[in-house]
Amino acid sequence: MPLKLSLKPGEKLVLNGAVIQNGDRRGVLILQNKASVLREKDILQPDQANTPSRRIYFQVMLMYLEPADAQKYYDEFVRRLSEFMGAVRNPAILAECVTISRCCLQRDYYKALLSCRKLIEYEDVRLGNVPAGVSAGGDEG
């Protein structure tokens, strides 16, 4: 099934490792086959990987964007996820961690990234970065 992306003027995305930027008008991109795609808002820069959950997200993102080098990032991912799981007691969040691990083992990195966002939201609420009940998604990764 094709993936249809509606792009805002100037919006960037990464497509199989290439950074693509839309022109000055809204645009539509239709991908006919499987590809690694991340919108600009979902890309975490190294300096933004500054909390435990974001460090997990960052490693999964690298595995997703560079599947040929995924093994290179996997050990750090396991270390970060293990540390996070050792500090968290919430059963739902621990279940998300298991889901992330399972997805990575199956090389379903995009699905793992979606679950990582739940860890980030959980952590943001606990750290007081956002009020409870408000999504932390927004424009940050």
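The expected span of a helix is 1.5 Å times one less than its number of residues. In this predicted model, the rule can be applied to helix H4, which runs over residues 109–127. Its 19 residues should span 27 Å at 1.5 Å a residue, and the C-alpha atoms at its two ends lie 26 Å apart, which agrees with the expectation. After H4 comes Gly-128, with a positive phi near 80°.

Several residues of H4 are buried. Toward the start of the list stand Tyr-109, Ala-112, Leu-113, Ser-115, Cys-116 and Arg-117, and the remainder comprises Leu-119, Ile-120, Tyr-122, Glu-123 and Asp-124. The buried set thus includes the charged residues Arg-117, Glu-123 and Asp-124. The cover over the buried residues of H4 includes three helices, H1 (52–65), H2 (70–87) and H3 (91–105). Strand E5 (37–39) is also among the elements that cover them.

The protein chain as a whole contains 4 helices and 5 strands. In sequence order these elements follow the pattern β-β-β-β-β-α-α-α-α. The radius of gyration is 16 Å, close to the 14 Å given by the globule rule for 141 residues, so the chain is as compact as a globular protein of that length. The C-alpha trace spans about 45 × 35 × 30 Å along its principal axes. Of the 141 residues, 41% are buried. When contacts between residues at least 6 apart in sequence are considered, 48% of them join residues at least 24 apart.

The protein chain exposes about 8400 Å², and carbon and sulfur atoms supply 52% of this area. The chain carries 20 positive and 17 negative charges, and the mean positions of the two sets are 4 Å apart.

Ile-43 provides a local example outside the helices and strands, in the loop between E5 and H1. Its relative accessible area is 18%, and because buried means under 20%, Ile-43 is classed as buried. Beyond its neighbours within four places in sequence, Ile-43 is in contact with Val-14, Leu-38, Gln-48 and Met-61. Of these partners, Leu-38 falls within strand E5 (37–39) and Met-61 within helix H1 (52–65). A further position, Lys-12, is 31 residues from Ile-43 in sequence, and the C-alpha atoms of the two residues are 9.9 Å apart in space.

Key: Residues are numbered from 1 along each chain as its sequence is written. This is a predicted model: local features need pLDDT of at least 70, side-chain atom pairs count only at pLDDT 80 or more; totals for chains, interfaces and linings use all residues. Side-chain values use heavy atoms; hydrogens and water are left out. Buried means under 20% relative accessible area, exposed over 50%, partly exposed in between (1.4 Å probe, protein chains only). Contact means heavy atoms within 4.5 Å. The radius of gyration is taken over C-alpha atoms; the globule rule is 2.2 Å times the number of residues to the power 0.38. Accessible areas come from the Shrake-Rupley method with a 1.4 Å probe; for residues, only the protein chains shown count as cover. The place of a charge is taken as NZ of Lys, CZ of Arg, CG of Asp or CD of Glu.
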